Amino acid sequence: MNFYIKKNATLPLLKMQVVKDGRSEYQQFMDSLETATITFTMINTATGIPKIVAKPCYITTLTNLDVNALPEYYVYYRFTERDTNQVGSYSGQFLIHNDTGDLILPIREELNIYIQESFIVKSPCC
């Protein structure tokens with residue numbers, strides 16, 4: 001998955017769906033998410049130096065109109081200006097830790113984060 005954000009930007013949110021990993025009981029794992037510790041890490045792919053290490057993340061559910069549908073959970077991270085102050089390519093991951101074990105997101109593909117140069121000038125001219 002590729003995610004793009006501008007330099008010094010705080011939006012958009014980085015959001016990923018929590019999916020069944022196949023190694024545990026799905027509903028039991030989903031129920032335990034409410035008490036889980038969720039963190040986000042981002043590493044510069046060119047240098048291997050971490051930019052963000054185990055910062056807290058948040059979880060939300062998708063509001064579904066079908067009352068019989070199982071809830072869908074999403075983890076998300078809101079960047080700070082300091083998180084995005086260097087243009088470059090980064091690798092990111094979410095770690096969900098609870099009493100049933102650890103789950104690293106994304107499961108199926110790598111999360112590539114690209115911080116691009118911004119066209120907005122922060123300081124006034126003249």
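Glu110 counts as partly exposed, at 48% relative accessibility. Partly exposed covers the range between buried (under 20% relative accessible area) and exposed (over 50%), with a 1.4 Å probe and protein chains only. The model is predicted: local features need pLDDT of at least 70, side-chain atom pairs count only at pLDDT 80 or more, and totals for chains, interfaces and linings use all residues. Residues are numbered from 1 along each chain as its sequence is written, and side-chain values use heavy atoms, with hydrogens and water left out.

Glu110 lies in the loop between strand S8 (101–105) and strand S9 (111–116). Helices (H or I, at least four residues) and strands (E, at least two) are DSSP runs, numbered from the N terminus. Apart from neighbours within four places in sequence, Glu110 is in contact with Met1 and Ser91. Contact means heavy atoms within 4.5 Å. The Glu110 side chain makes a polar contact with the side chain of Ser91, at 3.5 Å. A polar contact is a pair of N or O atoms within 3.5 Å; within protein, one must be able to donate a hydrogen and the other to accept it, and residues adjacent in sequence count only if both atoms are side-chain atoms. Gln93 is 17 residues from Glu110 in sequence, and their C-alpha atoms are 8.1 Å apart.

Ser91 and Gln93 also appear among the contacts of Thr41, together with Ile52, Val53, Ala54 and Gly92, when neighbours within four places in sequence are left aside. Thr41 belongs to strand S3 (residues 37–44). Thr41 is buried, with a relative accessible area of 19%. The Thr41 side chain reaches the backbone nitrogen of Ala54 at 3.1 Å.

The protein chain contains 1 helix and 9 strands. From the N terminus, the order of elements is β-β-α-β-β-β-β-β-β-β. Of its 126 residues, 30% count as buried. Among contacts with a separation of 6 or more, 67% join residues 24 or more positions apart.

One open sheet has 3 strands in the order S2-S6-S5, with antiparallel pairing. Strand S2 (14–17) and S5 stand at the edges with a single partner strand each, so one side of each is left without a neighbour in the sheet. Neighbouring strands in this sheet are turned by 30° against each other on average, direction ignored. Axes are lines fitted to C-alpha atoms, for helices over the stretch in contact, and angles run from 0 to 180 degrees between N-to-C directions. Two strands pair if DSSP finds at least two bridges between them. S2 and S6 are joined in the antiparallel sense over 4 bridges. Gln17 has Tyr74 of S6 as its bridge partner, and Leu14 stands opposite Tyr77 in S6. S5 and S6 also run antiparallel, with 4 bridges. Here Thr61 has Tyr73 of S6 as its bridge partner. Strand S6 is largely enclosed by the rest of the structure, because 4 of its 5 residues are buried.

In a regular strand the side chains alternate between the two faces of the sheet. Strand S1 shows alternation: Phe3 and Ile5 point to one face and are buried, whereas Asn2, Tyr4 and Lys6 point to the other and are not. S1 and S9 run parallel and are joined by 5 bridges. The bridge partner of Tyr4 in S9 is Tyr114.

Aromatic rings were then examined. Rings of Phe, Tyr and Trp (its six-membered ring) pair if their centres lie within 6.5 Å; planes under 30 degrees apart count as stacked, over 60 as edge-to-face and the rest as tilted. The count by this rule is 7 aromatic pairs. The Phe3 and Phe79 rings have centres 5.9 Å apart and planes at 20°, so this pair is stacked. This pair links distant parts of the chain, 76 residues apart: Phe3 is in strand S1 (residues 2–6), and Phe79 is in the loop between strand S6 (73–77) and strand S7 (88–98). Both Phe3 and Phe79 are buried. The rings of Tyr58 and Tyr76 have centres 5.7 Å apart and planes at 35°, so this pair is tilted. Tyr58 in strand S5 (residues 58–61) and Tyr76 in strand S6 are 18 residues apart. Tyr58 is partly exposed, with a relative accessible area of 46%. Tyr76 is also partly exposed, at 24%. One aromatic cluster is formed by Phe3, Phe40, Tyr77, Phe79 and Phe94.

The charged end of Lys15 sits over the ring of Tyr74, 5.3 Å from its centre. This requires NZ of Lys or CZ of Arg within 6 Å of the ring centre and within 35 degrees of the ring normal.
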